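Grab a pencil and work through these exercises with the model open beside you. Try each task before you read its solution.

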Amino acid sequence: MSTIAETAPRGQTRRRMRVDGWRWGGRIFLVFMLLYTALPMIWMLLTSIKSGFAAMQFPPQWWPDEPTLASYQKLLDPQNSVGQDFLRFFWNSLFVSTATTILSVIVAVPAAYAFSRFRFPGRNFLFFAVLLRNMFPAVIFLVPLFILMRMLGLVNTHGSLILTYLTFGLPLAIWLLKGFYDNIPVQLEQAARIDGATRFQAFILIVMPLSTPGIIATAIYSFIGAWNEYIYAYTFLSKNEQLTLPVGIQRFFSENTTDFPGLMAASFMMSVPVVVLFLVLQRYFVRALTEGAVKH
Amino acid sequence: MTIVTGTAEARRRLQSARSGVLRRVWEHRADYAYVLPAIAVMLIVIAYPIYYTIELSFFKTPPGLQLRDKIYVGFDNYTNILTSPVFWKVTWNTMIWTLASTFISFVLGFGSALALHRDFIGRGVLRAILIIPWVISAVAASYIWKWIYHSDFGVIGAVLVGLGWADRPPNFIDNVTTVLPSLIVVNIWREFPFAMIMMMAGLQTVPEQLLSAAKVDGASAWQRFWHVTFPHLSSVSTVTILLLAVANFNSFIIPWIMTGGGPSNASHIWITHIYELAFGRQLWGVASAYSVLLFLILMTLGYFYVRALSGNERKEGSA
């Protein structure tokens, strides 16, 4: 301690230089990360506004000579077969993701509340069971789930996907929400109960409104997870009209392997809903993810 | 009659005193109603598949045969797996994939979090841009990078040729030595934002007073980081690294879409290999045995995960 105090004056000047060094290092690092993150996305956008011929050139056109929205028009035009397929995949993804989101909020809210508030025996065990589930890869469950879905008559229906996504989204949803409930003071509910509310009323009238940010975050998370899911949709659905976007796009472009502008346009449009959702609500999203992990 | 009820009463009381757990379960019976929907859904979709996978791992299921005609073979599937060279190749790939992806994602994410911790103009925008790769679909990411790596018209190859570092565009994907690192770059692109978010939140919990106290005492920026900030972040770091490791170990989409495990298994990792065994070659028994082995590995990881988490809880309780 004393040695640090003695060298403090000398450290003063040295530190100023060092701080600058660190700050500049940080800036350079951030520029590097920005390039690493953004350049692939920019290249996707630039390719998507080229014609098929312009994309297949060497050296490439760094900036498209004749920018065209033809790929987007083709994908969004309900008159031709490509557009019909794409719009149908889009609608399927939207339906499955929305249904999953609503259901997982309904199921996760009471569970997370219980894990946060009650001290019932087995609480810890159940909670860790919920978390551990998150660790097992989809592949393990594919075969038995496929057979289970066949037993339930859900193969080739969106029901099979919704049920599966619900289960696989739940652990994280519960975890995220629990972080929020942990931060709502118990005293609020106690006051309500003294005033004559039942535990359930206190939950609905006091806790639910306060946990809206958490519910929004959980909903975004479920939506993005369902929207981007690939492996179950790839395995459970085989009929073309049922496919969701990731699988639909993959099917389509394994037949048209050279239409890179179209593929980039499709990738871009597949990303738009989730990126917009994320950018609008990122405050909740980031907070929820970290609340659970940091405070837990 | 009264005597009987008396003794029954006494016995019950004795029993309830002995089995306090059951009594507490009964007292809290209403609480379970809240978790019941979640548990019920998970039992159907999780417990049954686990049971079925274990059962199937002891059977041979020749392709083209119905699953109910499976043949019991004992531990044959397991011994076949452990003696096959492909298993060791795939395991080695998985180790490189998981360790490299996890470590580099964590370092880049932590670095970004530290650099973004101080306020500056455009910080919010920058943070949002850095998180986008994590939000978009892995399928989209795979296609974007497949196009960037394209052997004839890929942009990286063109840049390398333009700079005179290569005579002709290198083929990143169809090359046994470069395919795995190339895919790891894609995976890190998608994974580092997660580490960044977690560490950013962790950084907010480091007490500001402690840092300024260290500054007053003349600690350098590095010393402040190493002796104050870093110890504070140890539990967040542990959780982040474990979550990253599990996610990377379980990756499927990027290798599957970009290469399908090729060329000659150079980019097969466990999950893609299992998928191909089951759905490509219809070797359900072997694939199940693989899955059981995977379970065991993940349970070991899970043990550390739970320990890290409950360690946090204990620390928080004492604080």
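**Exercise 1. Take stock of chain B: how many helices and strands does it have?**
Step 1: count the DSSP runs, where a helix is H or I over at least four residues and a strand is E over at least two, numbered from the N terminus. You should get 15 helices and 2 strands in chain B.
Step 2: look at burial. A residue is buried if 20 or more other C-beta atoms lie within 10 Å of its own, exposed if 12 or fewer, and partly exposed in between, with C-beta atoms placed from the backbone. Buried residues make up 41% of the 319 residues in chain B.

Before going on, note that this is a predicted model: local features need pLDDT of at least 70, side-chain atom pairs count only at pLDDT 80 or more, and totals for chains, interfaces and linings use all residues. Residues are numbered from 1 along each chain as its sequence is written, while chains are lettered from A and ligands numbered from 1 in the order in which they are written.

**Exercise 2. Classify Leu36(B): what does its neighbour count make it?**
Step 1: find Leu36(B) in helix H3 (residues 29-56) of chain B.
Step 2: count its C-beta neighbours inside 10 Å. There are 14, so Leu36(B) counts as partly exposed.
Step 3: now jump to Val125(B), 89 residues away along the chain; the two C-alpha atoms are separated by 42 Å.

**Exercise 3. Check the length of helix H7 (residues 158-182) of chain A.**
Step 1: the expected span is 1.5 Å times one less than the number of residues. For the 25 residues of H7(A), that gives 36 Å.
Step 2: compare the end C-alpha atoms, which are 35 Å apart, in agreement with the expected span.
Step 3: look for a bend, the angle between axes fitted to the seven residues ending at a residue and the seven starting there. H7(A) bends by about 40 degrees at Leu170(A), and Pro171(A) follows within four residues.
Step 4: check its surroundings. Because 22 of the 25 residues are buried, H7(A) is largely enclosed by the rest of the structure.

**Exercise 4. Describe where chains A and B touch.**
Step 1: call two residues in contact if their C-beta atoms, placed from the backbone, lie within 7 Å. The contact takes 84 residues from chain A and 79 from chain B.
Step 2: find the largest share on chain A's side. Helix H1 (residues 2-48) of chain A supplies it, with 22 residues.
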